[in-house]
Amino acid sequence: MKKLLLTLSLLSLLPLNSLAETAEEKGLAIAKEAEQRNTGWNNSKAKMVMKLISKSGDTSSRQIRVQSLEVENDGDKSLTIFDEPKDVEGTAFLSFSHAQRPDEQWLYLPALKRVKRISSSNKSGPFMGSEFSFEDLSSFELEKYDYKYLHDDEVDGKPVYVVESYPTYEHSGYTRLVNYIDQKEYRILKTEYYDRKNALLKTLVNSEYKLYLDDYWRAHKMEMQNHQKGKATILTWSDYEFQTGVDERDFSKNALKRIR
Amino acid sequence: MKNKRVVAYAEWIIRWRWLVIFLSLVSVAAMITGFSKMDFKSDYRIFFSKDNPQLLAFEDMQDTYSKSDNVLFVITPKNGDVFTPDTLETLQWLTEEAWQTPLSTRVDSITNFQYTYADGDELIVEDLVQQPSSLSKQDLQRIGDIAISEPLLVNRLIAEDKGTTAVNVTVEVPDDPQTAEEKQAVMVIANFARELAQKVEQRNPNLEVRLTGMVMMNVSFPEATIKDLSTLLPIMAFIVVPVFMWFMVRSTSGVITSVLLNLFSILGAWGLFFYLGGYLSGPAMSTPIVILTMGVADAVHILVTFLQQMRRGDSKQQAMVESLRLNMQPIFLTSITTIIGFLSMNASDVPPLHDFGNIVAIGVGLAFIYSVTFLPALLMVMPVKVRSKEPKAYHWMDNLGDWVIAKRKVLLPSFALLSVGVIAFIPNNELNDEFVKYFSKEVPFRADTDYTSEHLTGIYNVFVSVKTGKANGISEPEYLKAVDDFSQVAETWSEVRHVETITDIMKRLNKNMHADDPEWYRLPERKDLAAQYLLLYEMSLPQGLDLTNQINLDKSSVRVGLTLYNLSSNELLVLEDRIYDWFNNNAPQYELDVASSNMMFAHIGERNIKSSLSGTLIALVLISLILMFALRSFKLGMLSLIPNLLPAALAFGLWGMLVSNVGMGLSVVVGMTLGIVVDDTVHFLSKYLRARREKNLSPQDAVRYAFQTVGMALTVTTIVLVAGFYIMTLSTFTMNSEMGMMTAMTIAIALIVDFLLLPPLLIKLEEKQHEKATTDSELAESTAS
């Protein structure tokens, strides 16, 4: 009994290095741990500046606010409110993301004062003309992918697990993602996206991580480089707030019109 | 003095023949190592200099909006209807498979078209074709009708008669390829597409698949030229040249040495060209034939004299010394003028034509060097058998000389009149550079593209970028109205096949947002609404698509894309003016850019003629100076302008009568042929002068002497030149075939001018000078023409 306890406690110290573990199991275990560590934040609010950079170096910026609501055992709900450019100010986009089903989406156009539901099975399209697709921005859910641990590596001096993920959604735009997850905090530091013909399409680098509520890390800078088109998008996040007192009702079709 | 030096040189070559042969081989081997730097470019942009304004405008537009290199799979069901479950199933399969195309970023077809429609307050975006096998007749009819009424599809991916459709694969080809892998990108893509096309036909035998698009065009440039090289060059090198040489010299050793000499010149020229950083391109591929043609002339002159001397009883050595003594200077002179002529192509605005000129210039230089080193040395170590009799044909010339002298009073004015008549047709020539027509109809790209323009859509296009100058300015209702008005007007123009405009999308979204009420198929009337529609649209686009192919990054400009019927350069330039005029009259507040790849080709003809002209002038001045110096006569130097320039003028006149389309390859012909036709004049005039000066013959007798001595040689070299350039007309590359045809014509005419016009002119001029009696009005008249 003592021996068993000892073994168990040792195992818990090295949860990912048990002997008989396959690469798939280890990949899944890492993903589980990462998801585990990012559970319980409930809801959040933040501002974001999106900077688009063309191949020739021209830039263009948009400003939005994002509210998120954690949903257990499903994709999160998010509400995106556009502030700039001025012509689209007040436009709001509500999305219920799902791992293996099409997302549910509503758009409110203030100039038309109408909410439209958008039905599309497409998640691989670009978000607001950026290099981020909808599927890149929706919340991380365990069942979105199958996993395979590849090897250990380092990113900026931090030891990382390199884990390959294979999208489970049939209309995904990718064959696979390669995630670089830091071993200490289980934050994704870098992701490489491989397109349908398994060629490197984009690389995302997350940086300027800050800790909120003592538990939750949020990257404040996300740089997505499209290798095929030579374009890039930089997201800069600020003014993160957690547990702001919003609930389901604030993430509904009817709430969209009231958003300012 | 000079002769003595040549004799000493010749004796030196003969003494050290083995060394000379050895050094020749070493030098060729050294130059051949240049092939390790062999390089090719499969990109139509090589035809434009880096500072070409239309290229810059087009590149600027490609930087602002997204670039669009593509492969277009054009699919025709044999039963004439695209909208059957089988065909749609295959289309869907192809659409999916095409995503595997190397470097592809987007695949568009009627099956994956993001069909957007309203259902109450719901906006549904889905693939136009889903599960084809489950579609009923009515479904198929409905989908077909949606497709042909959708501005984004009809006349682009689906024909109005539903008989032909297409799958478009957008690829991102490296702008400035460096590595071997990047350079081969276009070929890798094209090969993938070809295999996929075959698989489609195997999968569904009811379908015919054709391939067109930018990638297929770019890959056709090297492919067509390599094919040319592998078919035309052997004809020339192993049939025309040996047969001709045999006819001229009747000596196996002579034929072998001249073929080797030319082979060395060709390989050496290419090797050096690669060393200097050159790359393979369509026009450059025909240089071996030209070098071969020019090199043969050098060999002929040396061999003919050499064998003549041996026939007279000289030893091999004596005969060779005498041959070099007699031929060194004329060959040197004609080589120099030929080199100058080909170098004049450097003034052209089309870089591959520089390469063409430079490679030939190097080759001609090498041919000269090897003809006075390797050729005599090798002949010294080979068995040379001489037949006792001269070929009979040599004597035909005497009769021609007599006839020309007898009829000179008729020949001169009638030739002058005829020339004026032919030259009057020069203005008939119309500049035209249509890149599809650069390929002959046997090239699959040309055939498939012709089919596509007949049955589905055009490959020619023009992009119009309409700029507001203000970020997000494109949502202004006034601006959208201007763009829409223009798009609608352009749609009615007979040259225009399809108009791609963001305003169509705006109207459709407005309708969608009003529950698909057709009443609302119109532009939004408020700026913020338009901007919000754009945002909605942007959010609904599928992977690989974004607004930047129509709207620039800061949303200050919109690009309207016009797909055109096949237009000539002139028609395209007229269209360009009409676009500018429309905006000047209707929306002058917006700045405009008009560009496209075929716009570049439309302008190149005119630009190239202007730039080539200066090169031709320089060549003309240099060559005339050399002639005056060599003939030691200012008067004859000036006179030589007539037989040197008249042939090109007559050839362009004939072209104007018979063909009248002038592409970019033709503008360099004048400079190029100048260096060649001048050779005939040099040979004829120098023999004439020798008779006048050394033998003190009368002008008539001097003409007779010239006919006797060089008449046959000139005729036969002209035949081989014409044959060589005529072989170029078999090229699958129109630029080469037209250049070959025009050059062949010019050279043939040059001989006629030298035989029928030059002698009467000479006699007229010299008699007058000699007798100082007759008036010169007649002559002035004929030279003025």
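Which residue in S10(B) does B:Val499 stand opposite? Hold that thought for a moment. First, a caution: this is a predicted model.

Now the answer. B:Val499 faces B:Leu562 in S10(B). Strand S10 covers residues 557–564 of chain B. S9(B) and S10(B) run antiparallel, and 4 bridges join them.

Let's widen the view. In chain B there is an open sheet of 4 strands. The order is S9-S10-S8-S11, and the pairing is antiparallel. Look at the edges: strand S9 (496–500) and strand S11 (591–595) of chain B stand there. Each has a single partner strand, so one side of each is left without a neighbour in the sheet. Ignoring direction, neighbouring strands here are turned by 20 degrees against each other on average.

A helix joins the picture. Helix H3 of chain B, residues 53–64, packs on this sheet. H3 touches strand S8 (460–467), S10 and S11 of chain B. Its direction makes about 110 degrees with that of S11(B).

Next, the contact between the chains. Chain B gives 33 residues, and chain A gives 33 residues. Which elements of chain B give two or more residues to that side? They are strand S2 (104–108), strand S4 (122–127) and helix H19 (527–540). H19(B) supplies the largest share, 10 residues. By class, the chain B side has 14 nonpolar, 8 polar and 11 charged residues.

One last stop, also between the chains. Strand S6 of chain A, residues 114–120, runs parallel to S4(B), with 4 bridges joining the two. There, A:Ile118 has B:Leu123 as its bridge partner.

Methods
Residues are numbered from 1 along each chain as its sequence is written. Chains are lettered from A and ligands numbered from 1 in the order in which they are written. This is a predicted model: local features need pLDDT of at least 70, side-chain atom pairs count only at pLDDT 80 or more; totals for chains, interfaces and linings use all residues. Two residues are in contact if their C-beta atoms, placed from the backbone, lie within 7 Å. Ala, Val, Leu, Ile, Met, Phe, Trp, Tyr, Cys and Pro count as nonpolar, Asp, Glu, Lys and Arg as charged, and the others, Gly among them, as polar. Two strands pair if DSSP finds at least two bridges between them. Axes are lines fitted to C-alpha atoms, for helices over the stretch in contact, and angles run from 0 to 180 degrees between N-to-C directions.
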